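Reader: I would like a close look at one part of this model, its interior. Please be brisk, and give the cut-offs behind each term.

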Amino acid sequence: MAVQLQPEKQEAAAMPVAQVTVQDDPRTVMVLNYHKVVDEHMSLSVPLADFEQHMKWLKEYGYTSITPEELYEFIVNGSELPEKPVLITFDDGYKDNYTNAYPIMKKYGFKGTIFVVTGFLGVYDNYMTWEQAKELADNGFSIESHTYSHKSMTEASDEEISKELTKSRDTIKNKLGIDADFMAYPTGTYNLHIAELVQKAGYKGAFTIKYDNVSRESNVYALERVPIFHTENTNKDFLERIQYLPLLYKYGWVKN
Ligand SMILES: [Zn+2]
């Protein structure tokens, strides 16, 4: 019988906590991928109440947020991670990451990683300013690269790709004084040749939107993530996604 431990006002939160099993394989790491956290009807926009529910669940299940650097150390140097690690990432660098997601994450003690399109920050209204990015960085968030102008890399020349990678890294260094050692492929598209260019540009690792958990067998230049979209029932989908991953992984259905 399902027992609802914590009745919630929100309709979507009626999913009984007792029915949920989360991934507990210590050898894998869940990397969540959000874009926007805002109340609007777009698939990339997760409503605030849903986002808060996700953070609340992660907190209740004992997850600890980690940084891309910690994930890298786990994969490459065999470092240990907290028992239930989660890397919470956001793509593009939207303003709502600062205004909406950040206060909620702070409330639950989580840190995030934001892959910013460096040519868009402080230029377009719906993107963060560099001051906002700085505040996040000063408070434990990782600000990483999502290239300079968000060109799909499979449609760009080698020269263009290298320029996008270098320019974004340099901009983050200039604006924030930090080294962006990781990047996320714009639109998720990449191939092995592009991964090589990323490595040559000095990045330690790169994130895709390949749907799976990260393990020590993962390619550091093609790291898996679990995309979280706004759907008819974002919270149910969220639970299903984090719940079934270990099974899909176990049976080799989602591993290349
Ligand atoms: Zn993007």
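Author: The answer below starts with the ground rules and the whole chain, then goes through the interior.

This is a predicted model, in which local features need pLDDT of at least 70, side-chain atom pairs count only at pLDDT 80 or more, and totals for chains, interfaces and linings use all residues. Residues are numbered from 1 along each chain, as its sequence is written.

The protein chain has 7 helices and 11 strands. Both are DSSP runs numbered from the N terminus: helices are H or I with at least four residues, strands are E with at least two. Of the 256 residues in the protein chain, 42% are buried. A residue is buried if 20 or more other C-beta atoms lie within 10 Å of its own, exposed if 12 or fewer do, and partly exposed in between; C-beta atoms are placed from the backbone. Take the contacts between residues at least 6 apart in sequence: 64% of them join residues at least 24 apart. Two residues are in contact if their C-beta atoms, placed from the backbone, lie within 7 Å.

Now the core. The largest nonpolar core has 62 residues. Such a core is a set of buried Ala, Val, Leu, Ile, Met, Phe, Trp, Tyr and Cys residues joined through C-beta atoms within 7 Å. Val31, Leu32, Ile143, Met183, Val198 and Ala206 have the most contacts inside the core. Strand S1 (residues 28-34) gives the most to this core, with 5 residues. Met183 touches Val198 and Ala206, and its other partners include Phe115, His146, Leu165 and Tyr203; residues up to four places away in sequence are not counted.

Val198 and Leu165 turn up again where two helices meet. Helix H5 (residues 158-176) and helix H6 (residues 192-200) have axes that come within 9 Å and cross at roughly 45°. H5 is therefore oblique to H6. The contact uses Asp158, Ile161, Ser162 and Leu165 of H5, with Ile194, Leu197 and Val198 of H6. Axes are lines fitted to C-alpha atoms, for helices over the stretch in contact, and angles run from 0 to 180 degrees between N-to-C directions. Under 35 degrees is roughly parallel, over 145 roughly antiparallel, 65 to 115 roughly perpendicular, and the rest oblique.

Next, three buried positions. Leu71 lies in helix H2 (residues 68-76). Leu71 counts as buried because 24 C-beta neighbours lie inside 10 Å. Leu71 touches Val29, Ile66, Leu87 and Val214, leaving out residues up to four places away in sequence. Its C-alpha is 7.9 Å from that of Leu81, 10 residues apart along the chain.

Asn100 sits in helix H3 (residues 95-108). With 20 other C-beta atoms within 10 Å, Asn100 is buried. Under the same sequence exclusion, Asn100 touches Val37, Val38 and Leu48. The C-alpha atoms of Asn100 and Val38 are separated by 7.0 Å, though 62 residues apart along the chain.

Ser65 is in strand S4 (residues 64-65). It is buried, with 23 other C-beta atoms within 10 Å. Beyond four places in sequence, Ser65 touches Val86, Ile88, Phe110 and Lys111.

Last, helix H1 (residues 48-60). Its buried residues are Asp50, Phe51, Glu52, Gln53, His54, Met55, Trp57 and Leu58. Just after H1, Gly62 takes a positive phi of about 80°.
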